[in-house]
Amino acid sequence: MIQSIDYYAVAPPLILALTAGLVLLLDAFLPRRPYVRTALGAVTLAGVIGALAVVISQAVRAGDPLRTFCVPEGLLGSPQAAIGAIVPPVAGPTAPTAAVAPCSFVVDDFTLVFAGLALFAGIVVVLLSATELSSGDIPVGEWYFLLLCTLAGAVALPASRDLIMLVVALELVSLPVFALTALRRYDGRSSEAAVKLFLVSVVSTAVMLFGVSLLYGTTGTVYLDRIAHVLRQGVSAATGLGPGSGGAGTAYESSLRIGYDLPAVVTVAVVLVIAGFAFKIAAVPFHAWAGDVYQGAPIPVAALLSVVSKATGFAGLILVLVVALGGQGATWVPLIAILAALTMTVGNLLAMRQRHAVRLLAWSSVAQSGYILAPLGIRNDEAMNASVAYLVFYAAMNLGAFAVVTLVSRRSGGGELDDYRGLALQRPAAGLALAFFLICLAGLPPGLAGLFAKIVVFRELLGGGGGWLAVVMAVNTVVGLYYYVAWVVRIFTPVPVLTPVSATGSAMTGGAATGSAATGSAATGGVMTGSAVAGDVVVGGVRTDGRGAGWIPATAAIAVAAIVAIAFSVAPQLVLDLVPSGLIAVG
């Protein structure tokens with residue numbers, strides 16, 4: 001028997017994988033010329049846009065969800081074959097069977113939403129990468145190859161419907177990020193961040209695989225829908241039948257004894273799987289790596305971690321909890337609620353203490369993970385939709401903030417919050433854009449996208465009986481206002497004009513020096529923050545040592561994120577329509 005493959009269903013990750021191979025070949029064989037960097041970026045961007053076009057075509061088509069890599073007819077085993085399936089062998093039509101043959105790859109509404117989110121974020125990250133790579137100290141071909149591999153995994157993961165493919169896709173997202181983090185040569189902080197991310201990811205994968213192995217061992221299947229089917233039948237048999245009932249004999253009594261032990265084993269598996277995914281999404285208490293990794297990694301990689309990696313982690317967590325372990329809600333719902341409360345609280349408290357822009361966004365991202373987790377902490381089938389909707393809102397806002405930080409850091413070389421003082425007066429477009437994104441993240445008008453995102457979550461929490469969690473989220477929303485508004489205030493605060501200071505071989509005219517200038521450097525009509533190396537010139541607030549190169553793609557990334565965030569603020573129903581009820585195709 002031959003397993004059929006629907007190439008239309010797998011086209012988005014396939015396009016990304018083929019583009020990754022093409023980029024690597026072009027980088028190997030094209031001559032080392034300045035235009036090659038731009039050409040490879042254009043090929044990468046074309047591949048991501050092509051994959052997004054296929055996803056859009058899949059979304060607008062009518063009909064049933066696309067399924068491929070399904071078990072061929074005749075090879076589908078009986079549920080009684082599983083170790084934990086303690087269903088008595090009843091002859092006749094009453095014997096439980098699966099509705100359809102299980103498939104490893106399913107393209108439904110859930111898949112399309114997360115694939116579209118990952119590819120939109122991929123477009124912004126590719127544009128930011130062009131800015132990061134303009135300095136020439138990072139190998140371009142390897143960078144784009146690894147980035148495309150990560151996006152291929154991010155598109156494949158939400159379509160995964162078995163444990164093996166889920167773990168492989170998740171690692172395909174994670175593994176290239178280690179190398180991306182360390183690709184900035186001779187940078188000790190990047191190397192340190194890569195090692196920390198690698199160690200954390202290895203531990204989380206080991207913990208998750210242990211939980212996955214327990215699920216497989218107790219159910220005898222790797223398919224998510226059949227795991228749910230086996231666990232439902234096992235629990236019903238363990239609680240509703242006794243040894244010897246129905247004359248099943250010794251074999252049935254043995255399986256029943258396993259069934260009585262099944263809930264304890266499944267509980268351990270659930271806890272381990274949640275812990276593994278909690279590392280991926282930086283949920284408390286598995287969050288300690290976030291600040292150092294975000295700050296040490298190149299800013300496009302930090303943006304990738306905050307949106308693409310986080311989205312895939314949530315996609316995998318939702319699939320396992322809702323599809324495979326939906327009947328075990330009594331075990332994981334309280335755990336998720338506690339994790340959500342801790343994550344949003346600790347993330348906000350840590351963000352309040354930060355003075356570095358990327359570290360503040362890192363801990364803010366941790367707090368946002370708590371808000372996304374919150375709807376999963378109640379017993380409500382519609383709560384998952386609120387988490388997905390919040391994630392879509394959050395992606396546009398956070399990507400925009402990282403895009404502005406990329407532009408500012410490249411043009412002025414600053415990374416501290418004080419380096420953004422007067423940004424709206426020096427560069428009005430960038431300052432207003434960053435202020436808008438921060439207001440959106442805070443959930444204040446006119447950033448209505450963030451406000452609607454929080455309203456959607458509050459509505460589900462109050463409607464699902466999670467009043468205490470809604471109170472915790474309300475308090476944390478107020479706490480979050482502090483550091484977002486404090487950053488916005490700096491953006492609109494004029495830079496004080498100090499008495500001109502000159503040093504040996506340097507001159508300052510019409511500006512303010514807040515750091516030290518080395519011999520042979522000059523600042524004219526601008527603000528120098530920090531120290532400038534010999535030969536650097538700061539004119540009009542912009543370095544002319546090469547740091548200002550690549551501003552066009554960063555500006556394009558800001559424009560893309562701003563257009564989407566404004567559209568979500570004006571018409572939030574766009575997101576709510578993207579997240580209909582019954583996202584995941586089951587059965």
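A cavity, as the word is used here, is a set of grid points where a 1.4 Å probe fits but cannot get out. The structure to which this definition is applied is a predicted model. Over the whole of this structure, the search finds 5 cavities of 30 Å³ or more. The volume of the largest cavity is about 160 Å³.

The surroundings of that cavity come next. Its lining consists of 17 residues, and those nearest its centre are Leu197, Lys280, Trp289, Leu305 and Ser309. Four helices each give two or more residues to this lining, namely helix H5 (163-182), H6, helix H8 (250-280) and helix H10 (299-324). Sorted by class, the lining residues of the largest cavity are 11 nonpolar, 4 polar and 2 charged.

Helix H6, which spans residues 188-219, also holds Ser201. Ser201 counts as buried because its relative accessibility is 6%, and the limit for a buried residue is under 20%. Apart from neighbours within four places in sequence, the contacts of Ser201 are with Glu171, Ser174, Phe178 and Lys280. Lys280 is also one of the residues nearest the centre of the largest cavity.

The overall make-up of the protein gives a frame for these local details. The protein contains 19 helices and 8 strands. Of its 587 residues, 55% are buried. When contacts between residues at least 6 apart in sequence are considered, 76% of them join residues at least 24 apart.

Helix H18, comprising residues 551-570, includes Ala561. With a relative accessible area of 0%, Ala561 is therefore buried. The C-alpha atoms of Ala561 and Gly400 are separated by 5.0 Å, although the two residues are 161 residues apart along the chain. Gly400 also appears among the contacts of Ala561 outside its neighbours within four places in sequence, together with Phe120, Ala396, Leu399 and Phe437. Helix H18 itself has 20 residues and reaches 28 Å from its first C-alpha to its last, close to the 28 Å expected at 1.5 Å a residue. Its buried residues are Pro553, Ala554, Ala557, Ile558, Ala561, Ala562, Ala565, Phe568 and Ser569.

Helix H16 can be examined in a similar way. Its 16 residues, 448-463, should span 22 Å at 1.5 Å a residue, and the distance of 22 Å between its end C-alpha atoms agrees with this. The buried residues in H16 are Ala449, Gly450, Ala453, Lys454, Val456, Val457, Glu460 and Leu461. Because these residues cover an arc of only 150° around the axis, they are placed on the same side of H16. Arg459, Leu462 and Gly463, on the other side of H16, are exposed. After H16 comes Gly465, which has a positive phi, near 85°.

The loop ahead of H16, between helix H15 (428-442) and H16, contains Pro446. Pro445 and Pro446 are joined by a cis peptide bond with omega about 5°. In general, most peptide bonds are trans, and most residues other than glycine have a negative phi. A second cis peptide bond joins Val284 and Pro285, with omega about 10°. Pro285 is located in the loop between H8 and helix H9 (290-296).

The loop between H8 and H9 also contains Ala282. Ala282 is not a glycine, yet its phi is positive, at about 60°. A relative accessible area of 4% means that Ala282 is buried. A positive phi is found as well at Phe69, which is not a glycine and has a value of about 55°. Phe69 belongs to strand S1, residues 66-70. Its relative accessible area is 25%, so Phe69 is partly exposed.

A last buried site is found in helix H12, residues 357-373, where Gln368 is located. Gln368 counts as buried because its relative accessibility is 1%. Leaving out neighbours within four places in sequence, Gln368 is in contact with Tyr390, Tyr394, Leu441 and Tyr484.

Terms used
Residues numbered from 1 in each chain as written. Predicted model: local features only at pLDDT ≥ 70, side-chain atom pairs only at ≥ 80, totals over all residues. Heavy atoms only, no water. Buried < 20%, exposed > 50% of the residue type's maximum accessible area, 1.4 Å probe, protein only. Contact = heavy atoms within 4.5 Å. 1 Å grid on protein atoms, 1.4 Å probe; cavity = no way out; pocket = protein on both sides within 12 Å on 5 of 7 lines; lining within 4 Å. Points joined across faces, edges and corners; volume = space filled by probe spheres on them. Nonpolar A, V, L, I, M, F, W, Y, C, P; charged D, E, K, R; others polar. Expected span 1.5 Å × (residues − 1). Arc of directions from axis to C-beta.
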